[in-house]
Amino acid sequence: MFRINEIFYSLQGEGFYTGTPAVFVRFSGCNLRCAFCDTRHQEGVPMSLEAIVAEILNYPFAQMVVLTGGEPSLFIDEDFVATLKAKTGKFIAVETNGTRLLPSNLDWVTFSPKTGFEGGDVEPAVLKKCDELKVVYLGQDLSQYDGIETQHKYLQPCFSEDETECQLNMKSCVEAVLNNPGWRLSLQIHRVLNIR
């Protein structure tokens, strides 16, 4: 059984696949305690893999499944991913904090390291390669990510409920991208559109 916070159909709001319809499987539970996390880890319901597959199949138009959390790497393995692929026929992506090794049969890995943040460096990141590196930016030194092998690097302003702080974070992130052209800006368009 897997503790699932929610399964829903929406648009990918961040990074390389921004705007792509996807089914999101949000696991409940994480090994980090980042101050800005938007997942309610105390919530969630136990679901079997069969029930997860059945829920994903309620959204036949989506070609992508995004495993997110929480931290999916605490729960998934190669059999889990293979079953999702075989029974749904969909592209399987994961969003991870990189503190655990991942199944090798995933189609796409988004690595969002949390080292250097309050509650985010409880465990060190071990992932050294990904399809997409997506960093929540709060002014940290970007050279710490130089050793990560990836084709796509995104900086994303840290969201804050405080409008002034949110605007300052966006301004700082834009400046960082302008000063580091190997990076691209990622915005959380689901917040702009007020969708999940």
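Here is a quick tour of this protein, from overall fold down to a few side chains. The model is a predicted one. The protein has four helices and nine strands, and 48% of its 196 residues are buried. A search of the whole structure turns up eleven aromatic pairs, and one of them, between Y17 and W108, gets a closer look below.

**Overall layout**

- Reading from the N terminus, the elements go β-β-β-α-β-α-β-β-β-β-α-β-α.
- Take the contacts between residues at least 6 apart in sequence: 59% of them join residues at least 24 apart.
- The accessible surface adds up to about 9900 Å², with carbon and sulfur atoms accounting for 52% of that area.

**Aromatic rings**

- The whole structure holds eleven aromatic pairs.
- Y17 and W108 make an edge-to-face pair, with ring centres 4.9 Å apart and 80 degrees between the planes.
- Y17 sits in the loop between β1 (2–11) and β2 (21–27), while W108 belongs to strand β6 (residues 108–111), so this pair ties together parts of the protein that are 91 residues apart in sequence.
- The two partners are covered to their own degrees: Y17 is partly exposed, at 21% relative accessible area, and W108 counts as buried, at 10%.
- The cut-off for buried is under 20% relative accessible area, so Y17 at 21% falls on the partly exposed side.
- Elsewhere, ring pairs link four phenylalanines, F2, F27, F75 and F80, into a cluster.

**E14 in the β1–β2 loop**

- E14 is found in the loop between β1 and β2, and Y17 is in the loop between β1 and β2 as well.
- With a relative accessible area of 12%, E14 is buried.
- The E14 side chain has a partner: a polar contact of 2.3 Å joins it to the side chain of K134.

**E149 in the β7–β8 loop**

- E149 lies in the loop that runs between β7 (132–137) and β8 (152–157).
- Setting aside neighbours within four places in sequence, E149 is in contact with K128, K129 and C130.
- For K128, the C-alpha to C-alpha distance to E149 is 6.1 Å, with their positions 21 residues apart in sequence.

Technical notes:
Residues numbered from 1 in each chain as written. Predicted model: local features only at pLDDT ≥ 70, side-chain atom pairs only at ≥ 80, totals over all residues. Heavy atoms only, no water. Phe/Tyr/Trp six-rings, centres within 6.5 Å; stacked < 30°, edge-to-face > 60°. Helix = DSSP H or I, 4+ residues; strand = E, 2+ residues; numbered from the N terminus. Buried < 20%, exposed > 50% of the residue type's maximum accessible area, 1.4 Å probe, protein only. Contact = heavy atoms within 4.5 Å. Areas by Shrake-Rupley, 256 points an atom, 1.4 Å probe, with all protein chains shown as cover. Polar contact = N/O pair within 3.5 Å; in protein donor to acceptor, adjacent residues only side chain to side chain.
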